[in-house]
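Open the model in a viewer and keep the sequence at hand. The tour below says what to select at each stop and what is found there.

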Amino acid sequence: MSRFKRRKTSMGSSGLSTIDITSNLLRYGDCILHCNVYISRGIHELDNDIVLRYACAIANIGGGILHMQNVDYKSGVCSKDLDTWWSGMEIKLAAMISSDDICNYFDMVGNYDDADLYLFVKTSEHICTINYHSRLPTDTATHEVSYQSVIKLLQKEGPEKPLAALPPVPTDYYYGITHECLKQETKQIQFKQLSGRNSRDGKGIPEKIKSLVSKYVSAFANHEGGHIYFGIDDDQAAVYGEDMSYQDQERTAKLVQLRMDVIIWGSSAFSAQRGVHWDIQFFPVQDVPPRKNPRFVVVVSVCKFPGGVFTATPGSYYVDTHNQEVKCWSFDQWRKAMLNPFRDKPELHGRFVKLPLMVPQAPLVFSLKHTINSIKSKLLTEKSMKLPQPRHYLSFINHKDTRDLICSVVDHFPAGRHLSLFVNCWGLSVPSAPIPKVICDLFVVSESSGCHLITFANSESSSIWTHAQDVAAHLKYKMVALGGCVAKFGIATHIINVKNFTEVKHDLDCKFYPSHFDMTSEKFDEVINSLIVIMAAYQPVDFTTLNSKDMSNILSCDTHFFMLTCDQFELLFRRQFTKELWVHSPPGAGKTVAAVQFVQELKRRGCQSSEILYLAENKLLCSYVGSFNICRVATRLEFLQANKDSYSSVRNVIVDEAQNFKDRDGDWYSAAERLTKPRENSQLQACTDKNLTAINSDLSLLERHGFFWVFMDYSQKVHKFNAGLPSIIGKNNFMMSEITRNSKEIFEYAMHFMHGSPEGQKVQLPDDMAGLRGDVEVSPHLGHNYKSGQSVEILKCDKEHLKEKLFQVLSGIIDSGVSVDDLAVLVGSKQDKPEVTANVKPLSQKIECGLEVDTVKEFSGLDRGTIIGVDPKVNSEHADLNKFILSLATRARDKLVIISTSDDIQQKLATKV
């Protein structure tokens, strides 16, 4: 009769054998760690606790697989051995994740006589810690803190409580007598008798006090402070003292000092001071029996200390993604990661919502309420699901048979919702070196078939399998750790040899993960949402994407991210391979954000900074973009006046705020466009993605063209001069319409100046597109419902009182708490700027900070929380007043004040409020 082999797994692992997993280990797109285990021994014997460290590390970096080599599988072990060993592990794992539902986090596959055991680990929702090394007191002892308690400790702020606030310490002690003030242990008083007890460790009293004092120091400091009395029996509270010489007392004080230096007091940089944060005193015991040595009561006192006091660095681990090494977090890293979920910026909550990313190291991301769902609806259209996206990527693959093969593989996925994305495009880049014979990687998310990473190559080899696994593991890590996906899911890897292709359907249908990892409708939405987050989140400091950030940068206290709008996402995702593109949008829709994001994408593909030119009309905007140091930056005039060879290395041109350009200094447009065209004896366009270059050495003439993107807003074309732009009929045009910059009050006011009511407005287009308006125009709309509570203010004053009125308005705004850095004063012309600058100088001197004064034109493309417009006016022969006011008003995010000295203009402005 054959022996029954008990499978030590959850039901979610049924049907999956360790032999199958071992033979397909390269098919798992996960972080995989390896270790030896001894199931015949205790969980802490023979380094068995490596399982806890590795499981902790995997759970903290997004989940993965722990491969455990069962050293004892041929040593006569039985099912009971595995049961006992794994039961002990489960208790520790449950404590580590601070939850009793470990079935939702761990799936163990294997039998006692299998050579290999596998633990599938799902990400946790918070940082996992094996040992917090921090305690709290009870009335009789101390205990290890829980996750909930340690969070409260870490969040406590304020000064420490002085030692003088503790209960007074008696000075007189009598042998065998209970002191009147020390009859009972409490949460601030603990007794410990060391002398007279059998001790087999050979330690003296000083060493024993040193080894015991830490846990009491941590417990008392984390609560209300307290005293530890060594030499008082904790059974009857009788005083017996500790057998100590004066040399022992000196040694005890030194050893306790050393222990205090090791204890972490809220921060690794803090050093607790004796007499301030702690103290130690020795009191002689009177009436000691004659035959006994002198006895002393040793009192160690500890103050209440906010921020958490730890006896050692908490035992929390992570996997270094650069070398796959398991490392222990430093205390400061661990503390930052523990408090990470509680980071916020309440001042942004009006316009945006904080995304609830519940993973250990989640970034702080803000989004419009509808953005993720809007982007998802664009990604999951019937048309989008039929072809791999972005579809223009296919044009970089020369062989039609390969292109057809890729499309046919996508067709294998069932009719339900699915999305196929080429890896290493905008937003979904993976930092891996090009592998010879790899054509491309395709990431597929299917509601019915799960997640797959399919690598198309000209051959099949171990290096290509390693490449596929690395790409898949990196994607999963990003989707979980950065995108916030907490669902149980896996990514199966596949290689399709285009030169020796066979039926792929069977391979795609194979099951590699426990059944708990199967895709569901809810998981599908969560996976897609996480993809959108890592693709669309960007840092407002320099517009770099979340996907490109290092984890340490993400966890820094002042780092936060915004989600691109649906328009911006569609532009960068759908049009990222469009060589010439005209982008139209109303003010406040994020043209500059999209422009700089595209520059960053060209850099990622291999472009040098010298090969990209950013052009704008005003110096202030150029200075702003130039501060990122990502490309060459010039104003239109600087570009035209430069030496002929100054821009010879440029292959890509991004033009921003093109409506402000003029043609009177030369044909800037032709000169800029010429830089993006192929040149004689020129090398292959450097910004073509290196991976694409490797597989397509004979790129067509089209691919040798550089990128020429023009961003414009005709509703802000204030001047009536020719901008030097050609007809854009027949060119690639893209429309953006969602505005996020302005409060609802400012948006509604500004829209009145787009020739009508806010409801009836369209994105303004040039006159030569009149015949296309019905097909391409869209109405500008606000992406949020945020109201600042501050109505637009239109103030009238005489010319001679303008200085006083401006001083009064500025003083009131600054006194209300508005930061000077978030405030600008805008005038109508350069001639007005010196006078207004002089007018605000006394206030600048008073507050010892310079105030921004500029013209509306020079401030184009920029914004501030508060804008003060001073005496707006234009020459009606050369400029449009409505467009001027529109441009002025839309510079303000929250508060807009316009001061006018003209009755006619004041009336025109006031009637729109």
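Begin with an open sheet of 4 strands, whose order is β17-β18-β24-β23 and whose pairing is mixed. At its edges are β17 (353-354) and β23 (537-538), each of which pairs on one side only. Bear in mind that this is a predicted model.

Select β17 together with strand β18, residues 365-367; the two pair in the antiparallel sense over 2 bridges. To see one of the pairs, pick V353: its bridge partner in β18 is S367. In general, the strands of a sheet pair through backbone hydrogen bonds, either parallel or antiparallel.

Next, go to S134, in the loop between β4 (116-122) and β5 (135-137). Is this residue, S134, buried or exposed? S134 has a relative accessible area of 0%, so it counts as buried. Show the side chain of S134 and the backbone oxygen of V309: the side chain reaches that oxygen at 3.0 Å. Then display the surroundings. Leaving aside residues up to four places away in sequence, S134 touches H143, E144, V145, L153, S218, N222, V309 and F310.

Now select strand β34, residues 823-827. This strand is mostly covered, with 5 of its 5 residues buried. Colour the residues by the way they point: L823, V825 and V827 go one way from β34, while A824 and L826 go the other way, and all are buried.

Which strands pair with β34? Add strand β36 (residues 864-870), which runs parallel to β34 and is joined to it by 5 bridges. Within that pairing, L823 has T866 of β36 as its bridge partner. Add strand β35 (residues 852-855) as well; it pairs with β34 in the parallel sense over 4 bridges. Here L826 stands opposite D854 of β35.

The last stop is a cavity. The structure holds 4 cavities of 30 Å³ or more, and the second largest has a volume of about 60 Å³. To find the second largest cavity, select its lining: K799, L802, V827, D832, E835, V836, N839, V870, D871 and K873. V827, from the β34 stop, is one of these lining residues, and V827 points the way that L823 and V825 do. Which element gives the most to this lining? Helix α25, residues 833-847, does, with 3 residues. Colour the lining by class to see 4 nonpolar, 1 polar and 5 charged residues.

How values were computed. Residues are numbered from 1 along each chain as its sequence is written. This is a predicted model: local features need pLDDT of at least 70, side-chain atom pairs count only at pLDDT 80 or more; totals for chains, interfaces and linings use all residues. Side-chain values use heavy atoms; hydrogens and water are left out. On a 1 Å grid over the protein atoms alone, a cavity is a set of points where a 1.4 Å probe fits but cannot get out, and a pocket is an open set with protein on both sides within 12 Å along at least five of seven lines; lining residues have an atom within 4 Å of a point. Grid points are joined across faces, edges and corners, and a volume is the space filled by probe spheres set on the points. Ala, Val, Leu, Ile, Met, Phe, Trp, Tyr, Cys and Pro count as nonpolar, Asp, Glu, Lys and Arg as charged, and the others, Gly among them, as polar. Buried means under 20% relative accessible area, exposed over 50%, partly exposed in between (1.4 Å probe, protein chains only). A polar contact is a pair of N or O atoms within 3.5 Å; within protein, one must be able to donate a hydrogen and the other to accept it, and residues adjacent in sequence count only if both atoms are side-chain atoms. Contact means heavy atoms within 4.5 Å. Two strands pair if DSSP finds at least two bridges between them.
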